[in-house]
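Welcome, and thank you for taking a look at this structure. Let us walk through it together, one contact at a time.

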Number of protein chains: 4
Amino acid sequence: MKIDLNCDMGESFGAFRIGMDEAVMPHITSANIACGFHAGDPVVMEKTVANAKKNRIAIGAHPGYPDLMGFGRRNMVCAPEEVTAYVTYQIGALKAFAAAQGLPVQHVKPHGALYNAAQMDAPLMEAICRAVASVDASLIFVGLAGKWAERNQAIAEAFGLHMAFEAFPDRAYTPEGVLQSRKEAGSVIKDPETVAQRALRMAREGKVVATDGSELSISPDTLCVHGDTPGAVTLVSQIHQTLSENGVEVVPMGAFL
Amino acid sequence: MKIDLNCDMGESFGAFRIGMDEAVMPHITSANIACGFHAGDPVVMEKTVANAKKNRIAIGAHPGYPDLMGFGRRNMVCAPEEVTAYVTYQIGALKAFAAAQGLPVQHVKPHGALYNAAQMDAPLMEAICRAVASVDASLIFVGLAGKWAERNQAIAEAFGLHMAFEAFPDRAYTPEGVLQSRKEAGSVIKDPETVAQRALRMAREGKVVATDGSELSISPDTLCVHGDTPGAVTLVSQIHQTLSENGVEVVPMGAFL
Amino acid sequence: MKIDLNCDMGESFGAFRIGMDEAVMPHITSANIACGFHAGDPVVMEKTVANAKKNRIAIGAHPGYPDLMGFGRRNMVCAPEEVTAYVTYQIGALKAFAAAQGLPVQHVKPHGALYNAAQMDAPLMEAICRAVASVDASLIFVGLAGKWAERNQAIAEAFGLHMAFEAFPDRAYTPEGVLQSRKEAGSVIKDPETVAQRALRMAREGKVVATDGSELSISPDTLCVHGDTPGAVTLVSQIHQTLSENGVEVVPMGAFL
Amino acid sequence: MKIDLNCDMGESFGAFRIGMDEAVMPHITSANIACGFHAGDPVVMEKTVANAKKNRIAIGAHPGYPDLMGFGRRNMVCAPEEVTAYVTYQIGALKAFAAAQGLPVQHVKPHGALYNAAQMDAPLMEAICRAVASVDASLIFVGLAGKWAERNQAIAEAFGLHMAFEAFPDRAYTPEGVLQSRKEAGSVIKDPETVAQRALRMAREGKVVATDGSELSISPDTLCVHGDTPGAVTLVSQIHQTLSENGVEVVPMGAFL
């Protein structure tokens, strides 16, 4: 039984610091590295790749919309060929830093509004997959486990890509297998023990209990954890420990996919 | 006898158009492609690589300072590690578009203020060479023929890089082997026949006559031509023709370096 | 009988040139000046205000989304308070250049996707009006004549703003009083004589013939003309002349609103 | 006896947080508000003006170079007319937010590399003064007390501007009346009691002891304090208290200049 823990990293920009990358990295196995569009800058990328190398974790590109002011969290109506070009560009930038330090790039996980919109929007998903496949078809492409997983897997496979599906142990799920909106009360679960137990059940049984008490089968390959909230280090560390102590091997997705 | 003709390409940005890329490309052999910092955007890069492929010319990265408003022509006092990261990032971005279209990246030529400053500033030159070498040491690194060529070649070789030296047939040279400042009258030569003859002498004999009438040995591997001025297409076309008709083979630098 | 002719101006950015401002300005009466978000930069704004002063035409702010790469033409899902802040900022910037040259700012007309979205989206329209009113409630606020004019006028008036309504003589109108999508054939009318006659009828009778032959009452205060297309100068000049020769006084909207 | 305490505020950008504005504001009298070029964004500016209003402190524009990635701390070789336009633009943007909340703008203090370079560079200082005077000649213009104060005052007065001179209680001064470079040991004084006593002497006697023990007459109108370092709130609070308890009235510069 194996699972990956992925976390967004390298979101600082110039003098602007975000996240606790150095403290969180020892507890995760895959870092999604911001590529300069919604966050991150070349100096930050270089340092984040170096930190990942030091912590012997895998790295992936975390491309977003060109919206630094909105941190890539706002929908932008871009043409598919624009999205393909933006994603290609950002993956390439990360690959250069990885090459410079002798590290492979393991995966690509879109960020924020681009990620959310793509799960539900086939042409957008295709635009992203086209970029990933054109740069390097051996990159693992990360998408949301649950409702749209099957449809998106078909799209990715049409481009020759292998997908990894992720789940969010600290987020409430609707009975439809979708993340509950952050605007609703209870959508983010904060108790470390509860989150760790959800992570364990996700990893071991592939299941999560939805907001109405029903059970969802989501079978994730990787669990997304957060590194920029108060208590993040404690939470991530506890998730990792609970998984390890209960027979789940926490390793980069590239080791088993 | 062989020479390369290089020209800046892909300098448009979104709705902002610069240059006559499609008309100029058939007459050059190496395109220096802007990488999104001083000019260019991902969509423009994708199209420029496609155009280069169609015209069967070689491509190179043309990294600049992060100064879109100043077109990378203004000096910025960046730390060497910032410059290394900026150049790494931009080369990586171009390599992704090249990979997507099955084209190799042939060379790297810094842009504008970064180029000019680096010729005279050893730590800056080292910062750029460090980036190029770390991403791909087989990339040809383009610098100015003349005064600082020997010093810069030593720096590049210390990083395992092969340099190409360029000359400017439409620019006046001081007796020291430096380009005369654009602020001085006569620094830009506009008569096509004169420019073509200078190009021919540069290519065949490796020589150029300086502003005081003295003769300089500059032995260029590549001649830089411009694609964004009135009459650019005529001028570039005439240079190419004059070279070809006089026994100089016009081919990408990668074919003979 | 009076009408204003408004045109987007000052859309260049650094070395990137857009439009034929100097040639078009003598033929229009109100310049919508880009404010640095979707186009324009501080140097361009300064020059555009100076050009407008020289041509004795009125100026207005032309605020857009923070999307230089997309020229403000892509929808961005911004929160109302973000839009209010963006518009406030951009109006303020223009007011400073106007103050420096002793010119009043006459009007505000949002740009591109912000303009289009706001016509149909009351909260967005309110967010923009809130900004305009908070900076200077004497600024005329420009919106689309036709379908949504009444609703939008009510919103503007609730903020104490006076609106000007504009029509597009070179664009086809649907029977609902909406501009036909540019994606459809015939949506942009190119024959100068036809466009000039439409402008005349808009100005004199307040009417335009829709795509189905029906007649729409739109009663515009200002006609929007374009300065960045081939033939723009000829077209704008002919519109102005046709209006003048047929008893319509072409003057800035501030002179009669 | 009166003195002003000024501090940089509103340096956050989108999701990127910098500084402890809310905790520091109650202890200062003048806020230098970032205007979106080196830091700050429209939403942050709106909030910062609101915070200043709530705390009844004065506000000023804090314009910088267009270098968000470098936080405006890197020298950029801009033409004087570029600098004039950049400063005009940024002051205008702040004035709009101030107008919207019924607050006057009290002063202008350039940021970072622009500030430092301008103290020693007369054409640059003139370019900035030209902008300030053109927008509103009643704005107080803040410069460095000490070595270049007299020369800069002459420049400002030629533009009809009144200057305020500032000193840095937590920075070491060379015998020439210049701030010791941050690269040298001891250049930043961290002991709150020492800093507070230096502030008191600066305010009461107009003097500071230089690194060689000599006494400098600098006669500042305002003391610059920092709000983004660990212990900032304690330090600023202690400076304010020490001044107040020793007969120095801490009020905005506009109240006595």
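A salt bridge is a side-chain nitrogen of Lys or Arg within 4 Å of a carboxyl oxygen of Asp or Glu. Keep that rule in mind as you turn to the place where chain D meets chain C: the count there is 0 salt bridges. Please also remember that what you are viewing is a predicted model.

What, then, does lie between chain D and chain C? The contact takes 20 residues from chain D and 20 residues from chain C. About 1,500 Å² of area is buried between chain D and chain C, and carbon and sulfur atoms give 80% of that area. The interface of chain D and chain C also holds 2 residue pairs in polar contact, with both pairs at pLDDT 80 or more. On the side of chain D that touches chain C, the elements giving two or more residues are α2 (42-54), α3 (80-100) and α5 (122-135) of chain D. Of the elements on that side, α3(D) gives the most, with 12 residues. Sorted by class, the residues of chain D that touch chain C are 14 nonpolar, 4 polar and 2 charged.

Now move over to chain A and chain B. Here 20 residues of chain A are in contact with 20 residues of chain B. The area buried between chain A and chain B is about 1,500 Å², with 80% of it from carbon and sulfur atoms. Which three residues of chain A supply more of the area buried against chain B than any other three? They are Pro42(A), Val43(A) and Tyr89(A), which supply 36% of the area that chain A buries there. Between chain A and chain B the count is 0 salt bridges, while 2 residue pairs are in polar contact. Two or more residues each come from α2 (42-54), α3 (80-100) and α5 (122-135) of chain A, and α3(A) gives the most to this side, with 12 residues. The side of chain A that touches chain B has 14 nonpolar, 4 polar and 2 charged residues.

Aromatic rings are our next stop. Over all chains, a search of the whole structure finds 23 aromatic pairs. One of them joins Phe16(B) and Phe16(C), with 5.8 Å from centre to centre and 50° between the planes, a tilted arrangement. This pair crosses between chains, and each partner sits in the loop between β1 (2-9) and α1 (21-24) of its own chain. Phe16(B) and Phe16(C) are both buried.

Within chain C, have a look at Phe37(C) and Tyr89(C). Their ring centres are 5.5 Å apart and their planes stand at 55°, so this pair is tilted too. Both Phe37(C) and Tyr89(C) are buried. They also belong to one aromatic cluster with Tyr86(C), Phe97(C), Phe37(D), Tyr86(D), Tyr89(D) and Phe97(D).

Finally, two residues deserve a glance for their backbone angles. Phe71(D) has a positive phi near 55°, although this residue is not a glycine. You will find Phe71(D) in the loop between β3 (58-62) and α3 of chain D. Is Phe71(D) buried or exposed? Its relative accessible area is 2%, and buried means under 20%, so Phe71(D) is buried. Over in chain A, Ser219(A) has a positive phi of about 45° and is not a glycine either. Ser219(A) lies in the loop between β8 (215-217) and β9 (222-225) of chain A.

Notes: Residues numbered from 1 in each chain as written. Chains lettered and ligands numbered in written order. Predicted model: local features only at pLDDT ≥ 70, side-chain atom pairs only at ≥ 80, totals over all residues. Heavy atoms only, no water. Contact = heavy atoms within 4.5 Å. Buried area = accessible area lost by both parts, 1.4 Å probe. Polar contact = N/O pair within 3.5 Å; in protein donor to acceptor, adjacent residues only side chain to side chain. Helix = DSSP H or I, 4+ residues; strand = E, 2+ residues; numbered from the N terminus. Nonpolar A, V, L, I, M, F, W, Y, C, P; charged D, E, K, R; others polar. Phe/Tyr/Trp six-rings, centres within 6.5 Å; stacked < 30°, edge-to-face > 60°. Buried < 20%, exposed > 50% of the residue type's maximum accessible area, 1.4 Å probe, protein only.
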